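Thank you all for coming; I would like to spend a few minutes on the empty space in one model and on a helix that goes with it.

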Amino acid sequence: MTDFAAIDFETANEQPCSVCSVGVVIVRNGQVVYRFYSLIHPEPEYYQWFCQRVHGLSEEDTDEAPLFPEVWSQIEPLIEGLPLVAHNARFDEGCLKAVHQVYRMDYPDYIFHDTLAASRRHFGCLLPNHQLQTVSAACGYDLTHHHHALADAEACAAIAMQIL
């Protein structure tokens, strides 16, 4: 796969529609050509402690952030015609569908590829687990800011270029 968009969402709470940040990495001809990151004002508008513990974001970070439709209007033209890639794609695809529904936006049938599933097929039991940081390291990518949406999207892109 040489042309795709790697995407990662972080959520504010247990609701998949509560996206509070997004990272997107555009790959064309096997090269990263564009990176995009934005905080997002989540809906519903509250943070669970366990989500904050994972990504470190809080209400103070996203109080003045744009709503999802504004952010997506910047992303949508960048990813047009590209398959989307995510590590544990079920989560990110679920977030994307849920937040589209909350804002009553039409949801195009994006094609998702999952680097988690690809890692399990490619590496099998050679790795102790198939978490993003483990697979990133196995693919030669240093994921130093895990759970920052852009860093995770960059790691996902690196994995996809190696094993998809």
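I will take the pocket, then the helix, then the cavity.

This is a predicted model, in which local features need pLDDT of at least 70, side-chain atom pairs count only at pLDDT 80 or more, and totals for chains, interfaces and linings use all residues. Residues are numbered from 1 along each chain as its sequence is written, and side-chain values use heavy atoms, with hydrogens and water left out.

The largest pocket (an open set of points on a 1 Å grid over the protein atoms alone, with protein on both sides within 12 Å along at least five of seven lines) has a volume of about 370 Å³. Its lining, meaning residues with an atom within 4 Å of a point, comprises 20 residues, of which D8, H87, F91, H147 and D152 lie nearest the centre. At least two lining residues each come from β1 (4-11), α1 (49-55), α4 (89-102) and α7, and β1 gives the largest share, with five.

Helix α7, residues 149-163, reaches 21 Å from its first C-alpha to its last, close to the 21 Å expected at 1.5 Å a residue. Of its 15 residues, 13 are buried, that is, under 20% relative accessible area with a 1.4 Å probe, protein chains only.

How many cavities of 30 Å³ or more does a search of the whole structure find? There is one, a cavity being a set of grid points where a 1.4 Å probe fits but cannot get out. The largest cavity has a volume of about 30 Å³, and H41, P42, E45, Y46, Y47, E59, T62 and D63 line it.

Technical notes. Points joined across faces, edges and corners; volume = space filled by probe spheres on them. Helix = DSSP H or I, 4+ residues; strand = E, 2+ residues; numbered from the N terminus. Expected span 1.5 Å × (residues − 1). Buried < 20%, exposed > 50% of the residue type's maximum accessible area, 1.4 Å probe, protein only.
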